[in-house]
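Colleague: Could you take me through one part of this protein up close? I'd like to start at the surface and then work inwards.

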Amino acid sequence: MYWQMLSIRDIIKATGGSIVVEGNTEFTGVSIDSRTIKSGELLIALKGDRFDGHDFLIDALKSGGGAVVNNLQFMAQGLPIEDRTIILVDNTLLALHNLARYMRRRFKGHVIGVVGSNGKTTTKEFISTILNTRLSVLKTSGNLNNHIGMPLSITMMDKNTRIMVLEMGTNKPGDVDELCSIALPDIGVITNIGYEHLQGFGSLYKVRDAELEIAPFVKKLAVNADDSFLMEGVSAKFKGEIITFAIENQDADLIARDIVFSDEGTGFLLCAGKECIDINLKIQGRFNVYNSLAGAAAAYAVGFNLHEIKRGLESFEGVNMRFEIKKNRGVTFLNDVYNANPSSMEESINELTRLVSSGKYKRAIAVLGDMLELGDYGVTEHKKLGQRLSDISVDTFIGVGPLMSFAVSEFRGNGIYADTSEDAGVKLSEIIDDGDIVLIKGSRGMRMERVMAAIEGSKESVGFTGDFSGRHRD
């Protein structure tokens, strides 16, 4: 069954709630935000750390068709809620989970779950772009990959949806298991295993165990065969069908060969067994070749052929704030500001090094913000970063945030410290010159997009604010 309208009967069956006031009996969708709820939608009043959705119910009911609540105190205000349905549950977050799970169980198409330490969002977008060439795809919106954003995305399916591609984030053990118990994926993709959220995990082994929580749920698993640490875990924990992708491992099911980087993008030969096809991506970066391979492997698992995969890969335009190449004032900017951890930072630095080695640029500048959520590893990892930058062709390093001060102290070149990303933007604008190449990167909480905004002379770029509705885990 494909969904067109949500009925009261469906909602009660899914959530176990009770009808307090019956008005509308069908709803066009689900919302968790009173500011954006549309006519006919059902608000689920969630409670966050800093606010409670129940406080905005009256405003929501003026626009929406009803609400799921866990208390009725708002009704004491005596404001009109005529023709609006109120459903009472014990726990509104659990109600959202149960409703999404109920809708998923009624869905007959494939569900692809995307996990991994780095590249999840880009991989999700690659998969969706390929599949969308002949299927109606529902995907997690933007960065909504947590215990709120992912189930909310599921509720957005409609009668035309034929396949779902759901990004699943984690910052502690059990997160992926919880998300999989709602989404029930039958195909999984693991991009890689790297140093992420060490404050919540404590070790690389626990990171791997957390990502592999997807294994018991899926029948097919697409994995990076060049990541030997990941493959070791997959061999021990997964007994289903494995589809491997790689650049180095020539025994993988899908391989990228003869990679060529240019100003226009990235070209390579995509091979599956004896069949090969030329691919010309519009985006740069060796890590993006891996992301495209992960997307290809997922599509391959669904039954897409290489020609269909080529069409999707070559139409992909990239993802906002993820290694965007921008030109301004004669300077090339690598705007990779969405997030950062030690593994993704290393990949971006490697790409900067590759570009500098081409001889096209006069100077290399790195503007890097704190890598957050590293716990006891924070100081050590930032010192290592400063040492790493000293060993490559970086002329100037601007470190942003208290942890990056340790990296600046280890850097043997021209090191500059900035308290904030805005301050870094000002300092950078004073030193850049025609022919420079600049890498800008940092954790989401550092708001490194403000560096580029300062260069462009614009207002602060629109970025993710950390709203509880779908906090990103990268």
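Modeller: Sure, let's start with a nonpolar surface patch made of Val20, Leu72 and Met75, which together have about 200 Å² of accessible area. A patch takes residues with over 30% relative accessible area and no salt bridge, joining nonpolar side chains (Val, Leu, Ile, Met, Phe, Trp, Tyr) within 5 Å and like charges within 9 Å. A salt bridge puts a side-chain nitrogen of Lys or Arg within 4 Å of a carboxyl oxygen of Asp or Glu. The areas are Shrake-Rupley values with a 1.4 Å probe, and for residues only the protein chains shown count as cover.

Keep in mind that this is a predicted model: local features need pLDDT of at least 70, side-chain atom pairs count only at pLDDT 80 or more, and totals for chains, interfaces and linings use all residues. Numbering runs from 1 along each chain as its sequence is written, and side-chain values use heavy atoms, with hydrogens and water left out.

Val20 sits in strand β2 (residues 18-21); strands (E, at least two residues) and helices (H or I, at least four) are DSSP runs numbered from the N terminus. Val20 counts as partly exposed because its relative accessibility is 35%; buried is under 20%, exposed over 50%, partly exposed in between (1.4 Å probe, protein chains only).

Now inwards. The largest nonpolar core has 80 residues, and Leu389 is among those with the most contacts inside it. Such a core joins buried Ala, Val, Leu, Ile, Met, Phe, Trp, Tyr and Cys residues through side-chain atoms within 4.5 Å. Helix α3 (residues 92-106) gives this core its largest share, six residues. Beyond neighbours within four places in sequence, Leu389 has contacts (heavy atoms within 4.5 Å) with residues including Ile349, Leu368 and Phe411.
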